[in-house]
Amino acid sequence: MVFIQSPGQGDDKDFQYTGAVTSLVALKQAKYVREDYPDGKAFVFYQHMRTLGLTEYFYAGIQQDEGIFLTKGEVTGISKGEDGLIVEADNTLLGEKVQVKADLAVLATGMVPVTKDDPVVNLAYRQGPGFRDNAIFDEYADSNFICFPYETQRTGIYAAGAIRRSMTVEESIEDAAGAVLKAIQCTESVNRGVSVHPRSGDMTFPDFFFQRCTQCKRCTEECPFGAIDDDEKATPKSNPTRCRRCGTCLGCCPERIINFSDYSIDSIGSMVKAIGVPSEDDYDEPPLRILALVCENDAYPALDIVGLNRLSYSADVRIIAVRCLGSVNVIWIKDALAQGLDGVFLLGCKHGDDYQCHFVKGSELADVRMKKIGEALSSLALEEERVMQFQVTIDEYDKLPQIIDDFVASIEEMGPNPFKGF
Ligand code: SF4
Ligand code: SF4
């Protein structure tokens with residue numbers, strides 16, 4: 001029997017989901033062939049043999065079996081011979097073309113997670129019946145691979161086993177224990193009436209002032225956790241038990257009618273307004289005043305570490321913590337510039353391929369909004385560069401002083417906000 005792991009040339013790009021499990025399954029089945037047919041032979045052609053951890057011993061054991069032939073190689077063809085199949089391979093470890101007469105050729109099967117439009121879970125969500133596709137992780141189920149493994153984008157539903165990544169049965173059993181512990185945390189939080197992490201302990205919910213809703217559907221589309229459905233007229237229908245209190249809906253609402261009792265357009269807006277703008281009445285050369293809206297998840301703790309390490313950055317910056325950059329409503333930035341602050345920067349988690357945003361897409365959504373605000377600034381004859389967004393991981397705290405000082409220097413070069421004093 002011939003086991004083909006990935007027929008591609010030199011790599012396994014043609015076989016996207018190849019991995020340690022497919023390697024181990026091929027080795028296991030080769031062993032079965034040997035056990036069931038003492039005179040049987042097994043051939044395994046692979047591009048990469050992945051045997052992680054202690055499974056390397058299993059691989060080493062298989063290598064000792066004279067009836068199992070293992071080689072890296074490209075399978076170039078399979079044809080019907082007189083008596084069975086002829087499998088041809090090239091670029092093998094033997095350095096030459098080989099032909100194998102076989103009764104059976106077994107092509108490895110990749111493990112593909114089903115997270116989207118999944119008929120098994122069949123959830124009644126506006127965004128579809130599945131766990132919601134997580135394009136960043138090739139549709140694997142975790143809402144944040146680094147910080148919240150097991151948690152799907154469906155609050156209260158935890159994933160374990162091969163839906164998270166390809167896993168063996170043994171690994172899946174261990175994984176299930178992790179998912180169960182997360183589910184227990186969730187149940188306990190619900191019993192106490194508080195949210196699950198990262199905002200564990202939060203007892204507030206988004207509150208909609210529906211009289212002014214224009215039914216634009218932004219909140220229903222942008223909520224990362226499908227917590228807002230809509231009716232046939234596109235009026236939002238909130239599902240509080242799904243909500244993780246990220247504030248993305250507050251950030252996106254153009255009418256500014258979504259608020260929490262402890263986090264609102266007015267509460268952050270008042271903090272912005274409370275920042276004193278130095279004037280020429282008090283100083284010969286008034287110092288700059290720059291607003292930083294900093295995500296409380298990683299960026300703000302990173303600034304704390306900057307402090308603990310006694311690193312310094314410009315004293316012209318005033319910092320306000322936000323729940324997520326996705327919760328930043330552009331009105332705060334407009335108000336800041338209108339009152340004479342010289343620049344605004346947002347500091348939050350990385351987005352893109354190796355995203356680390358704790359609320360899935362908050363920092364990415366903020367980036368889109370900032371680009372739009374840049375266009376609005378240009379129409380006011382203000383430089384677009386007065387508003388910037390920076391990404392940081394928590395372990396990159398030592399880069400922060402430079403990032404901040406460079407931004408302050410760029411504002412210095414542009415000069416003070418021309419609206420200062422009006
Ligand atoms: S706070 Fe976040 S999770 Fe809750 S409804 Fe708003 S966007 Fe959705
Ligand atoms: S974003 Fe605001 S205005 Fe638009 S549908 Fe939601 S609540 Fe209504």
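## Salt bridges

Going by the rule used here, the count comes to 18 salt bridges. Keep in mind that this is a predicted model, with every value computed from its atoms.

Two of these pairs are worth pulling up in your viewer. In one, the side chains of D202 and R199 meet with an N to O distance of 2.8 Å. Both partners, D202 and R199, are buried. In the other, R369 pairs up with E222, and here the closest N and O atoms are 3.1 Å apart.

## How the chain is split up

The protein breaks down into four pieces: domain 1 covers 2-107, domain 2 covers 135-192, domain 3 covers 199-263 and domain 4 covers 264-414.

For domain 2 and domain 4, the C-alpha centres sit 33 Å apart. The two domains do touch: eight residues of domain 2 are in contact with seven residues of domain 4.

## Where domain 2 meets domain 4

Putting domain 2 and domain 4 together buries about 700 Å², and carbon and sulfur atoms give 62% of that area. On the domain 2 side, the residues touching domain 4 come out as five nonpolar and three polar, with no charged ones.

What about salt bridges between domain 2 and domain 4? The count there is zero. Polar contacts do turn up, though: the rule finds two residue pairs across this interface, both at pLDDT 80 or more.

## Around ligand 1

Which residues come nearest to ligand 1? Out of the 14 residues around ligand 1, they are C223, C243, C246, G247 and C249. Sorted by class, the shell around ligand 1 holds 10 nonpolar, two polar and two charged residues.

## Around ligand 2

Ligand 2 also has its own set of 14 residues, and from these C213, C216, K217, C219 and C253 come nearest. The class split for the shell of ligand 2 is nine nonpolar, two polar and three charged. If you're tallying classes by hand, remember that Cys counts as nonpolar in this scheme, while Lys counts as charged.

Note on methods: Residues are numbered from 1 along each chain as its sequence is written. Chains are lettered from A and ligands numbered from 1 in the order in which they are written. This is a predicted model: local features need pLDDT of at least 70, side-chain atom pairs count only at pLDDT 80 or more; totals for chains, interfaces and linings use all residues. Side-chain values use heavy atoms; hydrogens and water are left out. Domain bounds come from an automatic or database domain assignment. Contact means heavy atoms within 4.5 Å. Buried area is the accessible area (1.4 Å probe) that two parts lose on being put together, summed over both. A salt bridge is a side-chain nitrogen of Lys or Arg within 4 Å of a carboxyl oxygen of Asp or Glu. A polar contact is a pair of N or O atoms within 3.5 Å; within protein, one must be able to donate a hydrogen and the other to accept it, and residues adjacent in sequence count only if both atoms are side-chain atoms. A residue is near a molecule or strand if one of its heavy atoms lies within 4 Å of it. Buried means under 20% relative accessible area, exposed over 50%, partly exposed in between (1.4 Å probe, protein chains only).
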